[in-house]
Amino acid sequence: MKPWHDYTPSQVEHLAEEAIDRAIQHIQREMAIPSGDAAALFFQGEKYRTIVEEFKDYVRFEIRLYRDSIGG
């Protein structure tokens, strides 16, 4: 974990992609799905990029919210 103010744009993207991957893995684990093949088909191309962008927006929102709360 890093301090909120130390994230570069590429690290924000990595954080968003990792969150999506973990969410997918959680669903697969809970449903006892042995393979990620369906997820790979479902989350491809523009659909995946759109979700990544939404998660990146969320990360940046958290950064702004925290920065504003401490008056920075």
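Visitor: Which residues form the largest nonpolar core?
Guide: In this predicted model, the elements that give two or more residues to the largest nonpolar core are helix 1 (9–30) and helix 3 (45–69). In soluble globular proteins, nonpolar side chains tend to be buried together. The six residues of the core are Ala16, Ile20, Ile24, Ala39, Tyr48 and Val52.

Visitor: Which element gives the most to this core?
Guide: Helix 1 and helix 3 each give two or more residues to the core. With three residues, the element that gives the most is helix 1.

Visitor: Which residues does alanine 39 touch, not counting residues up to four places away in sequence?
Guide: Alanine 39 belongs to the largest nonpolar core, and so does Ile24. Leaving out residues up to four places away in sequence, alanine 39 touches Ile24 and Gln28.

Visitor: Is lysine 56 buried or exposed?
Guide: Lysine 56 forms a salt bridge with glutamate 53, with the closest N and O atoms 3.0 Å apart. Glutamate 53 is partly exposed at 32% relative accessibility. Buried means under 20%; because its relative accessibility is 10%, lysine 56 counts as buried.

Visitor: Which residues are linked in a network of salt bridges?
Guide: Glutamate 53 meets arginine 49 in a salt bridge (4.0 Å, N to O), and glutamate 53 also pairs with lysine 56. Arginine 49 and glutamate 53 both lie in helix 3, four residues apart. The linked residues are Glu13, Glu17, Arg49, Glu53 and Lys56.

Visitor: How many residues apart in helix 3 are arginine 60 and aspartate 57?
Guide: The side chains of arginine 60 and aspartate 57 meet in a salt bridge (2.6 Å, N to O). About one helical turn separates the two, because their spacing in helix 3 is three residues.

Terms used
Residues numbered from 1 in each chain as written. Predicted model: local features only at pLDDT ≥ 70, side-chain atom pairs only at ≥ 80, totals over all residues. Heavy atoms only, no water. Core = buried A, V, L, I, M, F, W, Y, C linked by side-chain atoms within 4.5 Å. Buried < 20%, exposed > 50% of the residue type's maximum accessible area, 1.4 Å probe, protein only. Contact = heavy atoms within 4.5 Å.
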